[in-house]
Amino acid sequence: DADSGDVLAVMIVTEKYKINKKYECKHVYRTTDAVHPGVASVMAQGEINLGGPVRVLSAGPIAAEFPDLVMGPFETRALFEKYGWSQVAAFQTRNPMHRSHEHMVTMAMDVCDGVLIHQVLGKLKPGDIPAAVRVKAVDTVVKRHFSPGTWVQAGVPLEMRYAGPREALLHAVFRQNFGCSHLIVGRDHAGIGDFYGPFDAHQIFDALRPDALHIEALKFGITFYCHRCAGMATNQTCAHEESDRLQISGTRLREMFKNHEDIPPEFSRPEGVAVLRDYYDSLRKQG
């Protein structure tokens, strides 16, 4: 581990090759712009890659920090079997759960036996909310508003790459290995800035051959709170004007905290907001 210096795994080196960084960035991130954090990470790597079989020795410091949250594929599969779940949707998140997230998860619960709320616990970009704070906020919301026996919250020591559609495929493969049958794919999944279109991550699943994956994408459009509908809706379910709609996003939520704005319950649950408010208040005190 680069931060702690602990040995997490041993690799028998069978391959050594020089990295074509621009080629990698062009095909993974669809850009070579160093403003993209994924591109910047690739460009900061050394010039040589080593490859070979890996023997894992330790789950690492993230598993030690979240011992009740980090599970391996064998554990999640055993848990799904215990609950009698054959159809399981994975909800990938690096953000606290706002109302749009809730809407997608509850819709997935209607078509699957249960949902794996799978939080990213690895490295994020500057400005993202730390994992410990996010875990507490999500835990507070789901325990109060989701029916028992319909969800499992777990974490994975995964580093975000912000690769948009290509990362959506990576997330699908990971959750397939964890025993999930579906992956919730919302607007701009794993995207950042304006590097990807809002539904590029939907379209990349359509380009796969039918047997490429054993997991399916549950695609959701733009969700919002409609004041005239008095609830969450999408373009497919709501015919009201833009002025009636409260657009919801993690980026906007962070802006609201930064600007000391009031956050209405239609945007995010008050109990989750309280956890995040404490975090941002502590940052202001430190600064």
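**Close-up 1. Asp188 in the loop between E8 and H8.** In this predicted model, Asp188 sits in the loop that runs between E8 and helix H8 (200-206). Its backbone deserves a look: phi of Asp188 is near 50°, a positive value in a residue other than glycine.

**Close-up 2. Ala190, another resident of the loop between E8 and H8.** Here too phi is positive, at about 60°, although Ala190 is not a glycine. Is Ala190 buried or exposed? With a relative accessible area of 7%, Ala190 falls under the 20% cut-off, so it counts as buried.

**Close-up 3. The second largest pocket.** Probing for empty space gives about 630 Å³ in this pocket. Of the 30 residues lining the second largest pocket, the closest to its centre are Asn95, His101, Arg187, Asp188 and His189. So Asp188, the residue with phi near 50°, shows up again here, among the residues closest to the pocket centre. Which elements give two or more residues to the lining? They are strand E5 (88-93), helix H5 (99-111), strand E8 (182-185) and helix H9 (250-258). As for chemistry, the lining divides into 16 polar, nine nonpolar and five charged residues.

**Close-up 4. Phe80 and Trp85, a stacked pair.** A search of the whole structure turns up five aromatic pairs. In this one, the ring centres of Phe80 and Trp85 are 5.8 Å apart and the planes meet at 25°. Why does the pair count as stacked? Planes under 30 degrees apart get that label, and 25° qualifies, so Phe80 and Trp85 are stacked. Both partners are tucked away: Phe80 is buried at 3% relative accessibility, and Trp85 is buried at 10%. Pull in Tyr83 as well and you have one aromatic cluster, formed by Phe80, Tyr83 and Trp85.

**Close-up 5. Phe195 and Tyr196, a tilted pair.** The ring centres of Phe195 and Tyr196 are 6.5 Å apart, with the planes at 50°. Planes under 30 degrees apart would be stacked and those over 60 edge-to-face, so at 50° this pair is tilted. How do the two residues fare for accessibility? Phe195 has 29% relative accessibility and counts as partly exposed, whereas Tyr196 is buried, with a relative accessible area of 6%.

Key:
Residues are numbered from 1 along each chain as its sequence is written. This is a predicted model: local features need pLDDT of at least 70, side-chain atom pairs count only at pLDDT 80 or more; totals for chains, interfaces and linings use all residues. Side-chain values use heavy atoms; hydrogens and water are left out. On a 1 Å grid over the protein atoms alone, a cavity is a set of points where a 1.4 Å probe fits but cannot get out, and a pocket is an open set with protein on both sides within 12 Å along at least five of seven lines; lining residues have an atom within 4 Å of a point. Grid points are joined across faces, edges and corners, and a volume is the space filled by probe spheres set on the points. Helices (H or I, at least four residues) and strands (E, at least two) are DSSP runs, numbered from the N terminus. Ala, Val, Leu, Ile, Met, Phe, Trp, Tyr, Cys and Pro count as nonpolar, Asp, Glu, Lys and Arg as charged, and the others, Gly among them, as polar. Buried means under 20% relative accessible area, exposed over 50%, partly exposed in between (1.4 Å probe, protein chains only). Rings of Phe, Tyr and Trp (its six-membered ring) pair if their centres lie within 6.5 Å; planes under 30 degrees apart count as stacked, over 60 as edge-to-face and the rest as tilted.
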